[in-house]
Amino acid sequence: MPVITEIEDLKRLYKRRVPKMFYDYCESGSWSEQTFRENSSDFDEIYFRQRVAVDMANRSTKTTMLGEEVSMPVALAPVGMTGMQHWDGEIKAAKAAEKFGVPYCLSTMSICSIEDVAANTSRPFWLQVYTLTDDDYMQRLFDRAKEAKCSAAVITVDLQLLGQRHKDLKNGLSAPPKLTPKTLADLATRWSWGLGMLSTKRRQFGNIVGHVADVDDPSSLMAWTAEKFDQSLDWDRIRKFRDMWNGPLIIKGIMDPRDAQEAVNVGADAIIVSNHGGRQLDGALSSIRALGPVLEAVGDKVEVHLDSGVRSGQDVLKALAMGAQGVHIGRAYIYGLGAMGQAGVTKALEIIHKELDVSMALCGRRRVTDVDRDILLVPEGFSGRWDDQLRNV
Ligand code: GLV
């Protein structure tokens with residue numbers, strides 16, 4: 001077993017162990033992938049201020065996210081088809097999150113269903129909700145989340161239609177994979193993945209198949225998003241979903257202060273500044289650049305979290321110091337899951353926790369709750385030449 005010291009090590013193993021189709025699904029942005037790349041590279045423009053001779057004994061990364069106690073303010077983001085990265089992947093990721101003491105958010109587009117994850121965990125998880133045209137389905141989804149004791153609903157508002165990821169089309173992405181000469185040749189070199197998949201019955205979209213009527217090809221994410229997703233979604237409709245769900249509500253996919261204000265108006269308890277990991281609007285600003293103006297607009301009214309581009313504890317610390325109250329990781333834990341199953345997710349969390357803890361200490365802070373902008377050197381106009389436009393709410 002190689003010595004694993006960083007998220008990149010997990011990614012290398014992941015690439016070897018998981019079929020290309022699912023590696024590419026995870027590791028893609030839309031169109032030219034500019035936003036996908038900049039989500040990560042923009043973190044490099046922010047620097048820490050090193051402090052020395054500061055007592056760094058007795059540190060703590062504990063805090064709360066949406067009132068829940070967490071061992072560090074890092075949640076596992078909803079990732080579609082996680083159960084294709086590793087058999088029973090959602091259950092394994094949720095178990096790792098529970099043991100580590102951080103929130104797990106299940107995607108509507110999961111392979112394991114809400115009920116599967118609830119039956120295998122005891123910490124309440126969050127459910128990410130895609131907005132379909134079918135009101136009955138939506139009501140049932142919220143009812144199922146309630147029944148499963150989900151502690152928050154996360155409504156994604158940036159995917160009424162799917163941004164094109166070229167590789168998914170070229171690979172013929174589906175769950176389960178269709179057996180063609182190309183996929184069979186690829187699967188032949190990923191035998192442990194294949195054996196694992198044969199050992200489970202969970203190989204289809206668990207929250208869709210049997211729950212949504214009349215989908216032409218239920219194995220194709222592209223097909224059923226095009227058929228069933230609500231392109232007319234607006235804030236009035238989101239208000240309706242707010243009424244269907246009486247627990248804590250998080251709105252995910254906010255990049256503009258004006259939309260942040262709308263989310264506050266519909267009664268969100270938290271928002272996630274996110275461009276969907278660069279998978280939707282190619283050419284959008286990175287999330288870390290969009291964070292500041294959103295915080296200025298609504299930071300005193302709701303919890304503001306961030307996702308997209310986070311690959312290290314240093315990235316987490318930078319987002320927290322910029323003012324985010326929570327950070328979500330997606331690909332960083334999927335690399336671990338694909339590499340080593342539940343142990344790999346735990347490994348990813350351990351790596352990020354250690355990086356966060358040590359970097360925080362070297363910035364002269366002992367508690368994550370004391371981290372603020374003072375530990376950073378942020379280039380002037382970090383939100384770019386667009387600062388004034390963005391702030392023009
Ligand atoms: C689904 O959320 C995706 O980005 O593919």
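This passage walks through helix packing, a buried histidine and several loop residues in a predicted model.

A good place to begin is helix α17, which spans residues 342–362. Helix α5, made of residues 89–100, approaches α17 so that their axes come within 8 Å and cross at roughly 40 degrees. Angles under 35 degrees would count as roughly parallel, and α5 and α17 are therefore oblique to each other. The crossing of these two helices, α5 and α17, is right-handed. On the α5 side, the residues that take part are Lys92, Ala93, Lys95, Ala96, Ala97, Lys99 and Phe100. Their partners in α17 are Gln342, Val345, Thr346, Leu349, Glu350 and His353. Sorted by class, this contact between α5 and α17 brings together 6 nonpolar, 3 polar and 4 charged residues. A general feature of helices helps in reading such lists: an α-helix has 3.6 residues a turn, so residues three or four places apart point the same way.

Helix α17 also packs against helix α15, which runs over residues 313–322. Here the axes lie 7 Å apart, and the angle between them is about 55 degrees. That angle makes α15 oblique to α17. The crossing of α15 with α17 is right-handed. Gly313, Gln314, Val316, Leu317 and Leu320 of α15 meet a set of α17 residues, namely Ile352, Glu355, Leu356, Ser359 and Met360. The classes in this contact of α15 with α17 come to 6 nonpolar, 3 polar and 1 charged residues.

Next comes helix α16, formed by residues 331–340. How many of its 10 residues are buried? The count is 9, so helix α16 is largely enclosed by the rest of the structure. The buried residues are Arg331, Ala332, Tyr333, Ile334, Tyr335, Gly336, Leu337, Gly338 and Ala339. Just after α16 sits glycine 341, whose phi is positive at about 65 degrees.

Attention now turns to histidine 276, which carries the annotation "active site" in an unreviewed UniProt entry. This histidine 276 belongs to the loop between β9 (270–273) and α14 (287–298). Is histidine 276 buried or exposed? Its relative accessible area is 11%, and residues under 20% count as buried, so histidine 276 is buried. Setting aside residues up to four places away in sequence, histidine 276 touches Tyr130, Thr156, Asp158, Leu159, Arg165, Lys252 and Ser308.

The backbone offers some surprises as well. Most residues other than glycine have a negative phi, and most peptide bonds are trans. Histidine 276, although not a glycine, has a positive phi near 65 degrees. Methionine 81 is another non-glycine residue with a positive phi, in this case about 60 degrees. Methionine 81 lies in the loop between β4 (74–76) and α4 (82–85). With a relative accessibility of 1%, methionine 81 counts as buried. As for peptide bonds, the one leading from alanine 175 to proline 176 is cis, with omega near -5 degrees.

Proline 176 is part of the loop between α8 (166–171) and α9 (181–188). Leucine 179 is placed in the loop between α8 and α9 too. Its relative accessibility is 62%, so leucine 179 counts as exposed. Apart from neighbours within four places in sequence, leucine 179 is in contact with Leu184 and Leu187.

Finally, threonine 64 shows how a chain can bring together residues that are far apart in sequence. Threonine 64 is found in strand β2, residues 63–65. What separates threonine 64 from glutamine 325 in sequence and in space? The two are 261 residues apart in sequence, yet their C-alpha atoms are 8.5 Å apart in space. Beyond its neighbours within four places in sequence, threonine 64 is in contact with Glu69, Val70 and Gln325. At 37% relative accessibility, threonine 64 counts as partly exposed.

Terms used
Residues numbered from 1 in each chain as written. Predicted model: local features only at pLDDT ≥ 70, side-chain atom pairs only at ≥ 80, totals over all residues. Heavy atoms only, no water. Axes fitted to C-alpha atoms, helices over the stretch in contact; angles between N-to-C directions. Helix = DSSP H or I, 4+ residues; strand = E, 2+ residues; numbered from the N terminus. Parallel < 35°, antiparallel > 145°, perpendicular 65-115°, else oblique. Left-handed = near helix turned anticlockwise from the far one by under 90°. Contact = heavy atoms within 4.5 Å. Nonpolar A, V, L, I, M, F, W, Y, C, P; charged D, E, K, R; others polar. UniProt positions renumbered as here; feature names shortened; annotations may be inferred. Buried < 20%, exposed > 50% of the residue type's maximum accessible area, 1.4 Å probe, protein only.
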